[in-house]
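Here's a friendly tour of a protein model for someone seeing it for the first time. Have a look around, then read on.

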Amino acid sequence: MTRTLYLFGSAAPPVFDVARVIEEAQSRGWDVCLGLTPTAADWLGGGLDGLAALTGHPVRSSYKRPGDPDVWPAADAVLVAPATFNTINAWALGLTDRFIVGVVAEGIGKGIPLAVMPCVNAAYVQHRAFDRSVQELRDMGVTVLYGEGGFMPNLPGQGRREAYPWDLALTAIDRLVAEA
């Protein structure tokens, strides 16, 4: 039995490692559908066709038109990583003008297992909205991999994309589905 994972990424440096993460998720038995914020899709630009070939599904960064068929299978789980300051706050506030935020906002009501791992620097987390948004998502049942045992912010300009704990995120999503 194949499980379907929606892997959603924002425009933060670890998104450049998404092909490797897709391969790792596939080795864990996931059928991966990749969704990106518009800026992340722009960053990955010429590589989007290769990512679509890797997943076997089109890469999406915008909503489909009403009446168009859904090109992805239903999600068994959604992982939002890397999730920027903007994505975290928009999701917590229910601002669904971006495709990936709309899907995860609706996913709360559908009872889909959801996990998010931020990728923000220590300056962003000083903004009071960030902690409120993290708590709001947790209160709605989202697994937020932030703080002890999750993503820890770095100083501005000192982040290393290779240090982003992708394995922690994939293990968390595996656990969430096993417990569901």
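In which helix is Asn89 found? Asn89 belongs to helix H4, which covers residues 85-93. Keep in mind as you go that this is a predicted model.

## The sheet

Let's start with the strands. Five of them form an open sheet, lined up in the order E2-E1-E3-E4-E5, with parallel pairing. Strand E2 (30-36) and strand E5 (143-144) stand at the edges with a single partner strand each, so one side of each has no neighbour in the sheet. As a bit of background, strands of a sheet pair through backbone hydrogen bonds, and the pairing can be parallel or antiparallel.

Over at the E5 edge, two bridges join E5 to strand E4 (residues 114-118), and the two run parallel. Ala115 has Thr143 in E5 as its bridge partner.

## Strand E1 and its partners

Strand E1 is a good one to zoom in on: seven of its seven residues are buried. Arg3, Leu5, Leu7 and Gly9 point one way, while Thr4, Tyr6 and Phe8 point the other way. That fits a general pattern: in a regular strand, side chains alternate between the two faces of the sheet.

E1 pairs with E2 through seven parallel bridges, and with E3 through four, again in the parallel sense. Leu5 shows both sides of this: Leu5 stands opposite Val32 in E2 and opposite Ala77 in E3. Together with helix H1 (residues 18-27), E1 and E2 also make a right-handed β-α-β unit.

## Helix H4 and Asn89

Back to the helix we opened with. H4 is mostly covered, with seven of its nine residues buried: Phe85, Thr87, Ile88, Asn89, Ala90, Trp91 and Ala92. The cover over these buried residues includes E3, H5, E4 and helix H6 (128-139). Just after H4, Gly94 takes a positive phi of about 75°.

Why does Asn89 count as buried? Its relative accessible area is 10%, and the cut-off for buried is under 20%. Leaving aside residues up to four places away in sequence, Asn89 touches Ala129, Phe130 and Ser133.

One of the elements covering H4, helix H5 (residues 99-110), lies across strands E1, E2, E3 and E4 and runs at about 130° to E1.

## Helix H6

Those contacts of Asn89 bring us to H6. In H6, Ala129, Phe130, Ser133, Val134 and Leu137 are buried. They cover an arc of only 135° around the axis, so they sit on the same side of H6. The face turned away from that buried side carries the exposed residues Arg128, Arg132 and Asp139. H4, E4 and E5 are among the elements that cover the buried residues of H6.

How far apart are the end C-alpha atoms of H6? They are 17 Å apart, which agrees with the 16 Å that 12 residues should span at 1.5 Å a residue. Just after H6, Gly141 takes a positive phi of about 95°.

## Trp166

One last stop: Trp166, which lies in helix H7 (residues 166-179). Trp166 counts as buried because its relative accessibility is 3%.

What does Trp166 touch, not counting residues up to four places away in sequence? The list is Leu7, Pro14, Asp17, Arg20, Val21, Ala81, Pro82 and Met117. Pro82 is 84 residues from Trp166 along the chain, yet their C-alpha atoms are separated by 8.8 Å.

Key: Residues are numbered from 1 along each chain as its sequence is written. This is a predicted model: local features need pLDDT of at least 70, side-chain atom pairs count only at pLDDT 80 or more; totals for chains, interfaces and linings use all residues. Side-chain values use heavy atoms; hydrogens and water are left out. Buried means under 20% relative accessible area, exposed over 50%, partly exposed in between (1.4 Å probe, protein chains only). Contact means heavy atoms within 4.5 Å. Two strands pair if DSSP finds at least two bridges between them. Axes are lines fitted to C-alpha atoms, for helices over the stretch in contact, and angles run from 0 to 180 degrees between N-to-C directions. The expected span of a helix is 1.5 Å times one less than its number of residues. The arc is that of the directions from the helix axis to the C-beta atoms. A crossover is right-handed if, with the strands pointing away from the viewer, the path from the first strand over the helix to the second runs clockwise.
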